[in-house]
Amino acid sequence: MAAKVNNSIRFSSLFTSKDVICQTTETDRNQLLKQMLTQLALVRGIGDVEEAYQALLERENEIPTVVGPGIAMPHVRLSAINQITVGIATSQKGIKYAPQIEKPVKLIIMTLVPKVAPGAYLQAMSSLAKICQDPKTADIVAELDTAKKVWDFFDQSGMTLKEHLRASDIMSPVTIKLQEHDTLERAIDLFVHHQVRDVPVVDKDGNLMGVVTTHELLKICLPDYILWVEDLTPIINFEPFAEILRKESKTWLAEIMTMDYATVAEDAPAAQVAKEFAKQRVDHAYVLRGKTLTGVVSLAMFLNKILRE
Amino acid sequence: MLIMLAVSFGVGVLTHVLKLNNQQIISCSVFIMVIMATLLFWEYRLPIAFLGIGVLVGTNVLTLPIFIRECKLDVILFLVGMMVIVGVLKDLGLFTWIIQSVIKTPRMTGPMFVVIIIFLAALMACTIDEVTSIVFIATLIFQVCDTLKVRPLPFIIIAVLGTNIGSSGTMLGNPVGILIGQNATPPLSFIDFMTWSFPIMLITLVSSMFVLLWWYRKEINLLSERLFARREMNLGLGPLVNVPYKRGLAIFAGMICFIALHHYLERGLGLGPNTVLIVAPLVIAGLLMLWRHQRARHYIESNVDWWTLLFFMMLFAKAGTLQETHVTEKIAGYFQQAFGNRLSVLTPAVIGISALGSAFVDNIVFAAAFMPVVNKLQQTPLLWALLQGTCLGGNITMIGSTANIVALGMLEKRYRCSIKFFEWLKVGLVVGVVSCIIAWGCLSITSRYMPTLQQRLQRATLHVKTPHLTEPEIARSIKANETLH
């Protein structure tokens, strides 16, 4: 049974020392993964091992889940289990995890999540975020010579699964943004080069001022009163767009940005993000700490993370 | 629902005290129920109106022949024709051209913008209809305010007030106009409206404009500053395209001329009063739909507001039962007892009561109920007083007129903001009172020049080609017309 601390589940309660393969000599990733699944099946019962193995391989071959320096977190959803199951393997020499990953992986944290538990993997991953970012973690754990010591490491680190996912757990950093003094010209360049549909506008302090969207741009080029005309002749050569091009370097973002966008607080439950997507029918929700823009959640990414990861 | 039942019950008790018979009590109660439904359950007004007809027919207060006669199919078909024409004009780019003409006005200032929107709203409400007018003017306001980043609410209110005032200018602008014009005894013509109502509309419009220019001076000044700043940057208020507007303009001008000359056409063809007026929009709509046959179905299905028209039909039928059960006669009698026969008292009374009534009840509802009362009083100026009162009263509250509700709905949808009841009431009351007083003054001056009921009846009989009518036959014809209407 998962141990709770202040309504959060301790990560160490999701596995025991019996679920740990300590300092393995196996060098092949696939074989090691199969070994871990077999061990978990023996200890806990996880249903069809071969089916789980194939699903795991398919995912890892597509996108290897190396989450930190020397740390991999392969995961799979299974119908046969009803709670999160964790298996751990360490390797002193490290394993070549994927062709594109240069650094050998020394710590593998395999997470099996119930199929009907959306976000469970993300909860597990978010609880390990801190140790995953430490470059020494993989080396330290790989040097522990007994399964009990490995278990103690995770137990003493105090990692807990939060009661629920938060917006900050599923957001991505904002890499494309505009400054409030930018013009429409810069916005159009970003739309075209990065193939995005909306770009946030921030002030010098990083506070979110508004969002410039391709939809708003289209509305400026083709406002309602032009759309009333059924005959296309007045716009057949894109005359309204020519107008915009003439003035793009003089048009401030304040004129075209919209205040109609979805935001969630960093520490809001991830379900709040879902609610904003549904209520406002948007593709992106911006994550704020106060007024400062800290991240973005796209609907596609959200669905992928909750329903498939 | 409880409030509705309580009000209806209260009306029932009151009508019993006033010694109305059972049929009269039922017709009053159902009519009041529909009014309360309009106030409290706006989205369900049509289903409630349907049920009301069922109650009236089920209790034998209303028979089917009377229902068919009283639902004013002539008014409904007139509106259908107008709605189709508006759809065609929109497709042809006429309204786009009008909006672009405003947007590209050189050296635009805040006050100039207000003058333009108030006059444009009024004139469009005069010639097309108030709802179409406010939809187009609101689009113009949103475009300008979005570009300049100013609050659109004050300008929307200005446009709505102008629309309601303008809709009293002709019988085209507001269903109230065509209802009063068509159901007066004898019917009023387009020329009558241009002679006796349009000038009053212009005077009230100008005076209301000055009130509004002062009331919203801060917002108008801000608009001026933003317009100036934008001009300095050599930027316009919106994209401009070369719209082929001439066909739309020609159709629009042709429609107005056709309708304006209906009186002469009817006389020449020996048709009854307002026959050409009612049928003209249908004929024009038919021709337009033949020309643009690919879009004909779209115009009928999407441009004609069947929901509203069906509601009007049910409402008119219910108002007709008040007349059939002689409730309106009794009310007219009490009215005369209370206010006498003197126009100097009756005119402000009708303006005041109809303004106050239509402030809280949709003006078409009030006009439908009060029209038979005014007819019974048999004084021509009172018809104009009813028109002015119901149109101008629609400005007093935010629920007074369909144009108000449509405009505020558009504002809420676009900006997710709404206006409080008293915020509107402050400016609406001032404009409403000022315009009603001016209308009263104008009617007091012009009433002595208006034709009397007998003169209008005589003129109406001259429509029909009967060169060999003797005087007794003319007199019988007058009486027959009176009975018919």
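A:Thr175 sits in the loop between α7 (167-170) and β10 of chain A. In this predicted model, A:Thr175 is exposed, because 8 other C-beta atoms lie within 10 Å, and exposure requires 12 or fewer. A:Leu14 is 161 residues away from A:Thr175 along the chain, and their C-alpha atoms are separated by 35 Å.

**The sheet of chain A**

β10 belongs to an open sheet of 3 strands in chain A. The strand order is β10-β11-β12, and the pairing is mixed. β10 (178-179) and β12 (208-213) of chain A stand at the edges. Each has a single partner strand, so one side of each is left without a neighbour in the sheet. Strand β11 (residues 198-202) of chain A runs antiparallel to β12(A), and 5 bridges join them. A:Val201 stands opposite A:Gly210 of β12(A).

**Two helices of chain B**

Helices α12 and α13 of chain B can be set out side by side.

| Helix | Residues in helix | Distance between end C-alpha atoms | Expected span |
|---|---|---|---|
| α12(B) | 18 residues | 25 Å | 26 Å |
| α13(B) | 16 residues | 22 Å | 22 Å |

For α12(B), the separation of the end C-alpha atoms agrees with the span expected at 1.5 Å a residue. The buried residues of α12(B) are B:Ile200, B:Met201, B:Thr204, B:Leu205, B:Ser208, B:Met209 and B:Leu212. They cover an arc of only 165° around the axis, which puts them on the same side of α12(B). On the other side of α12(B), B:Phe210 and B:Trp214 are exposed. The buried residues of α12(B) pack against four helices of chain B: α7, α9 (153-166), α22 (380-393) and α24 (421-446).

Helix α13 of chain B covers residues 217-232, and its reach is close to the expected value. Which residues of α13(B) are buried? They are B:Ile220, B:Leu223 and B:Leu227. Their arc around the axis is only 55°, so they lie on the same side of α13(B). The face turned away from that buried side carries exposed residues: B:Lys218, B:Ala229 and B:Glu232. Cover for the buried residues of α13(B) includes α7 (110-127), α8 and α12 (198-215) of chain B. Just after α13(B), B:Asn234 takes a positive phi of about 60°.

**The contact between the chains**

How many residues does each chain bring to the contact? Chain A gives 19 residues and chain B gives 18 residues. On the side of chain B that touches chain A, α5 (73-91), α6 (94-103) and α8 (130-148) of chain B each supply at least two residues. By class, that side of chain B has 8 nonpolar, 7 polar and 3 charged residues. α8 of chain B thus has two roles here: α8 supplies residues to the contact with chain A, and α8 helps to cover the buried residues of α13(B).

**Confidence**

The model scores ipTM 0.74 and pTM 0.73. Chain B averages a pLDDT of 86, and 94% of the residues score at least 70. Where in chain B is confidence lowest, and where highest? The lowest mean, 50, falls in helix α26 (residues 471-484) of chain B, and the highest, 96, in α12(B). Over residues 465-471 of chain B the pLDDT is below 50, and this stretch has 3 contacts in the model beyond near neighbours in sequence. Residues 481-485 of chain B also stay under 50 in pLDDT. For them the model has 9 contacts beyond four places in sequence.

Technical notes:
Residues are numbered from 1 along each chain as its sequence is written. Chains are lettered from A and ligands numbered from 1 in the order in which they are written. This is a predicted model: local features need pLDDT of at least 70, side-chain atom pairs count only at pLDDT 80 or more; totals for chains, interfaces and linings use all residues. Two residues are in contact if their C-beta atoms, placed from the backbone, lie within 7 Å. Ala, Val, Leu, Ile, Met, Phe, Trp, Tyr, Cys and Pro count as nonpolar, Asp, Glu, Lys and Arg as charged, and the others, Gly among them, as polar. The expected span of a helix is 1.5 Å times one less than its number of residues. A residue is buried if 20 or more other C-beta atoms lie within 10 Å of its own, exposed if 12 or fewer, and partly exposed in between; C-beta atoms are placed from the backbone. The arc is that of the directions from the helix axis to the C-beta atoms. Two strands pair if DSSP finds at least two bridges between them. pLDDT is the predictor's confidence in each residue, from 0 to 100.
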